[in-house]
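Work through these exercises with the model open. Each task is followed by a solution in steps.

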Amino acid sequence: MSAARRPLVAGNWKMHKTGPEAREFCVSLAALVSDAGPVDVAVCPPYTALEASASALAGSPIAVYAQNVHENEKGAHTGDISSAMILATGADGALIGHSERRAEGDTDAQIALRVRNAIDAGLMVVLCCGESLSTRQAGETEAWLTRQIRSALEHVQAGDIAHLVIAYEPIWAIGTGETASPEQAQEACAIVRRVASETIDGEALRVLYGGSVSAANAAELMSQPDVDGALVGGASLEPGPFAAIVAAAR
Ligand code: PEP
């Protein structure tokens, strides 16, 4: 990982933890990660636990990101929440375009609008991309990532760089226990950086790897030159293993 890009380790809790459970987790994590050193750390609780997490982590170096955000500021969107609502919980960012959200119907066009709206509102955005196993086996990973990144960055401008991180998450490695090899992660993250460079300063862009990251494999994955941190699912649900991944990023 480049010294110029501050690493980020973010934990995606998916649909786990109530508010009280989140509070308990955050108190434990803050004690373990009281000084993350030169590493940015974030947790991504469900919407209902954002406020409890943000208040438990106030004064700690750990940020709180939502797992998605709607592209509109308000309106008839039952079940969705806006950037302003996320900010009002005390959270500071959002994942956008996670493959589990794309599988539930979030479209490329919505994702591009969500990125724009969230950045305009002042949120940090972790934009997710990644190919399926069949796309990889067909030798179409590069074309797939190129299309996803160009589409998601359609409304992004060079000046947005401080609010944008991209996470490369191969779908075949998410929640499967199967991790991309360090070489595969490096190759794909370099593609992401190159395509993003059409829009923003790619050398300043943080590109994360996600997909069955654990305390055992994190250091090797994050030592790749184009891997600037990790988006962690399952291994972020307990404070100890997640803190170990943060330590590996140092
Ligand atoms: C994720 O949800 O973004 C993820 C990478 O999950 P896991 O680490 O469990 O594969």
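**Exercise 1: The ligand site**

In this predicted model, a backbone N or O atom of Gly-234 sits 2.8 Å from an oxygen atom of the ligand. Taken alone, the ligand exposes 300 Å², and the protein buries 96% of that.

Task: find which side chains place an N or O atom by a ligand oxygen, then describe the shell around the ligand.

Solution.
- Step 1. Start with Glu-169. A side-chain N or O atom of Glu-169 is 2.7 Å from an oxygen atom of the ligand.
- Step 2. Go on to Asn-12. Here the distance from a side-chain N or O atom to a ligand oxygen is 3.1 Å.
- Step 3. Check both against the cut-off. A polar contact needs N or O atoms within 3.5 Å. The Glu-169 pair, at 2.7 Å, qualifies. The Asn-12 pair, at 3.1 Å, does too.
- Step 4. Count the shell. It holds 14 residues, and the closest are Lys-14, Glu-169, Gly-175, Ser-212 and Gly-233.
- Step 5. Sort the shell by class. Four residues are nonpolar, eight are polar and two are charged.

**Exercise 2: The loop between β1 and α1**

Task: determine where Lys-14 and Lys-17 lie, and what sign their phi angles have.

Solution.
- Step 1. Place Lys-14. It belongs to the loop that runs between β1 (8–12) and α1 (19–32).
- Step 2. Place Lys-17. The loop between β1 and α1 holds this residue as well.
- Step 3. Read phi for Lys-14. The value is near 55 degrees, which is positive, in a residue other than glycine.
- Step 4. Read phi for Lys-17. It is positive at about 85 degrees, and this residue is not a glycine either.
- Step 5. Return to the ligand. Lys-14 is among the closest residues of the shell.

**Exercise 3: Pocket and cavity**

Task: describe the largest pocket and the largest cavity by volume, lining and class.

Solution.
- Step 1. Take the pocket volume. The largest pocket encloses about 430 Å³ of space.
- Step 2. List its lining. There are 19 lining residues, and Lys-14, Tyr-47, Gln-67, Asn-68 and Arg-101 lie nearest the centre. The elements giving two or more residues to this lining are α4 (99–103) and α5 (108–121).
- Step 3. Sort the pocket lining. It has four nonpolar, eight polar and seven charged residues.
- Step 4. Turn to enclosed space. The structure has one cavity of 30 Å³ or more. The largest cavity holds about 40 Å³.
- Step 5. List the cavity lining. It includes His-98, Arg-102, Cys-128, Cys-129, Gln-148 and Glu-169. α4 and β5 (124–129) each give at least two residues.
- Step 6. Sort the cavity lining. Three residues are nonpolar, five polar and two charged.
- Step 7. Link the sites. Glu-169 lines the largest cavity and is also among the closest residues to the ligand.

**Exercise 4: A salt bridge between strands**

Task: find which strands the Arg-206 and Asp-40 pair links.

Solution.
- Step 1. Search the whole structure. The total is 17 salt bridges.
- Step 2. Pick out one pair. The side chains of Arg-206 and Asp-40 form a salt bridge, with N to O at 2.8 Å.
- Step 3. Assign the strands. Arg-206 is in β7 (residues 206–210), and Asp-40 is in β2 (residues 40–44).
- Step 4. Note the separation. The two residues are 166 residues apart, in distant parts of the chain.

How values were computed: Residues are numbered from 1 along each chain as its sequence is written. This is a predicted model: local features need pLDDT of at least 70, side-chain atom pairs count only at pLDDT 80 or more; totals for chains, interfaces and linings use all residues. Side-chain values use heavy atoms; hydrogens and water are left out. A residue is near a molecule or strand if one of its heavy atoms lies within 4 Å of it. A polar contact is a pair of N or O atoms within 3.5 Å; within protein, one must be able to donate a hydrogen and the other to accept it, and residues adjacent in sequence count only if both atoms are side-chain atoms. Accessible areas come from the Shrake-Rupley method with a 1.4 Å probe; for residues, only the protein chains shown count as cover. Ala, Val, Leu, Ile, Met, Phe, Trp, Tyr, Cys and Pro count as nonpolar, Asp, Glu, Lys and Arg as charged, and the others, Gly among them, as polar. On a 1 Å grid over the protein atoms alone, a cavity is a set of points where a 1.4 Å probe fits but cannot get out, and a pocket is an open set with protein on both sides within 12 Å along at least five of seven lines; lining residues have an atom within 4 Å of a point. Grid points are joined across faces, edges and corners, and a volume is the space filled by probe spheres set on the points. Helices (H or I, at least four residues) and strands (E, at least two) are DSSP runs, numbered from the N terminus. A salt bridge is a side-chain nitrogen of Lys or Arg within 4 Å of a carboxyl oxygen of Asp or Glu.
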